[in-house]
Amino acid sequence: MSIKAPRGTEDLLPGQVEIWQYAESVIKDVVKHFNYKEIRTPIFEHTELFQRGVGDSTDIVQKEMYTFKDRGDRSITLRPEGTAAVVRAYVENKMYGLPTQPVKLFYFAEMFRYERPQHGRTRQFHQFGVEVLGSNQPAIDAEVINLAMTCYEKLGLKSLKLVLNSLGDQESRTNYRKALIEHFTPYKNELCHDCQSRLEQNPLRILDCKKDREHQAMQTAPSILDYLNESSRTYFEDVKHYLDLMEIPYVVDANLVRGLDYYNHTAFEIMSEADGFGAITTLAGGGRYNGLAEDVGGPETPGMGFAMGFERLIMALQVEGVQLPLLDAIDCYVVSFGEAANESAIRLTNTLRQNGISADQDYEGRKMKAQMKSASRNHAKYVCIIGESEVEEKTVMVKAMDTGEQESVREQDILTYLRKRLNGGIGNE
Ligand code: HAM
């Protein structure tokens, strides 16, 4: 029996990879303009980091982690998300001492969660994320949200919805927690098994339950927004004000609680509203996590960030039919016929490649027509044709594939000729 990829993992094949690279390059451009710097952390961490950081009562920690003992009997976990790891790296490397504060970081990384695979949900997936550490200004929250929205917009997505909420500070949450427990306790036996234990451990997560969504107690549950104390309310108003200044539309949803425990104040998600996107519509999620650095043993450090799923981003590009530039085009395909011409072709392809022009050719001795077909399948912009007469005359016949125009070019001039045309008329010797 042939060996298949593990359930919940996907191969990215040529053709798709170029789309990912394109999306990455657009996003890298955005983060550059926002002045965020890349960080790379290990794929695995001590399990304790996620237990403390993400939270013991979350689905991620309770059911979804890839955890194993290494040969030194240490409990190791493949990272299920990036924030706890970035905060760990920030603390461990004393980045709070860096001259430029706050510290603004981004990452592209694969994550691992043992979830039930379905469309838009895999066990290995990829996130682009950002984390800002060392500022508790509401303008930072708006900046991070703006960055996320800008990435999608620069990639050409239109059907987006930004959903915003505030989970308040510790005091607000403690009061709200009490109110939720009071509200849901009379219905305890009617709630699903998970929500029954959430009632004690983490009642906020009941609001996020898919199974109990229709229960009447959900509709009448108290709203966090009524439990925000003065400073939390002001903070939330400020975040909204900055979003207005940046002209970013949003809707407030008091039931948005997020699946990770570290959040306080701002929480947000970005959904796709495109027709046919599927049941799972969340493209990205994030928020503020002011206590996380202390939870992992560091100094008090406010934090704010988000992560977007890359698989879901690519799905959204496809569903919205966003036209991407031709991504796998090569500059030149070299076509030859005749033994001497074949040798010239090998020399020419090599010269082009060594001089910054992407080039390919046929080594299989295919007929001229088949070679031309390969040229167009490779989306070559130019074809260099070498036959017997070209060898004799030391020339190359260059065909522009977009116009079909052909021109005979002296061998010694070919680099200058192609460079000029590939650079839109600007030649560089
Ligand atoms: P999260 O909401 O768990 O947040 O994940 C963020 C995004 O990752 C989701 O919106 C989704 O696009 C993608 N994602 C999550 N799980 C899967 C999966 N199984 N398959 C495919 N895509 C998935 C976090 O991870 C937080 N660390 C975000 C954050 C950063 N908060 C503050 N800073």
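A nonpolar core here is a set of buried Ala, Val, Leu, Ile, Met, Phe, Trp, Tyr and Cys residues joined through side-chain atoms within 4.5 Å. Buried means under 20% relative accessible area, exposed over 50%, and partly exposed in between (1.4 Å probe, protein chains only).

This is a predicted model, so to speak of local features we need pLDDT of at least 70, side-chain atom pairs count only at pLDDT 80 or more, and totals for chains, interfaces and linings use all residues. Residues are numbered from 1 along each chain as its sequence is written, and side-chain values use heavy atoms, with hydrogens and water left out.

**Exercise 1. Find the residues that touch the most other members of the largest nonpolar core.**

Step 1: Start with the whole set, which holds 100 residues. Phe128, Leu147, Phe184, Phe306 and Leu313 are the ones to pick out.

Step 2: See where the core comes from. Helix H5 (residues 138–154) gives the largest share, nine residues. Helices (H or I, at least four residues) and strands (E, at least two) are DSSP runs, numbered from the N terminus.

Step 3: Zoom in on Phe128. Leaving out residues up to four places away in sequence, Phe128 touches Ile27, Val31, Phe106, Tyr107, Phe108, Leu147, Cys151, Phe306, Ala307, Met308 and Phe310. Contact means heavy atoms within 4.5 Å.

Step 4: Don't stop there. A second, separate core has 19 residues, including Val334, Ile357, Tyr382 and Ala400.

**Exercise 2. Work through the salt bridges of Glu38, Glu115 and Asp362, and sort the partners by burial.**

Step 1: Fix the rule: a side-chain nitrogen of Lys or Arg within 4 Å of a carboxyl oxygen of Asp or Glu. Searching the whole structure turns up 22 salt bridges.

Step 2: Take Glu38, which pairs with Arg40 at 3.0 Å between the closest N and O atoms. Glu38 is partly exposed at 34% relative accessibility, while Arg40 is exposed at 69%.

Step 3: Next, Glu115 and Arg121 meet at 3.4 Å, N to O. Glu115 counts as buried because its relative accessibility is 15%; Arg121, at 24%, is partly exposed.

Step 4: Last pair: Asp362 and Arg366, with the closest N and O atoms 2.7 Å apart. Asp362 is buried at 9%, and Arg366 is partly exposed at 43%.

Step 5: Now look for a network. Salt bridges link Asp59, Lys63, Asp194, Arg198, Arg205 and Asp208.

**Exercise 3. Which elements do the buried residues of helix H15 pack against?**

Step 1: List the buried residues of H15 (residues 414–422): Ile414, Leu415, Tyr417, Leu418 and Arg419.

Step 2: Recall the helix geometry. An α-helix has 3.6 residues a turn, so residues three or four places apart point the same way.

Step 3: Read off the partners. These are strand E12 (332–336), helix H12 (339–354), strand E14 (382–386), strand E15 (395–400) and strand E16 (406–410).

Step 4: Check the end of the helix. Just after H15, Gly424 has a positive phi of about 65°.

**Exercise 4. Where does Ala370 sit, and how far is its C-alpha from that of Leu317?**

Step 1: Place Ala370 in helix H13 (residues 368–377).

Step 2: Grade its burial: a relative accessible area of 29% makes Ala370 partly exposed.

Step 3: Compare chain and space. Ala370 and Leu317 are 53 residues apart along the chain, and their C-alpha atoms are separated by 34 Å.
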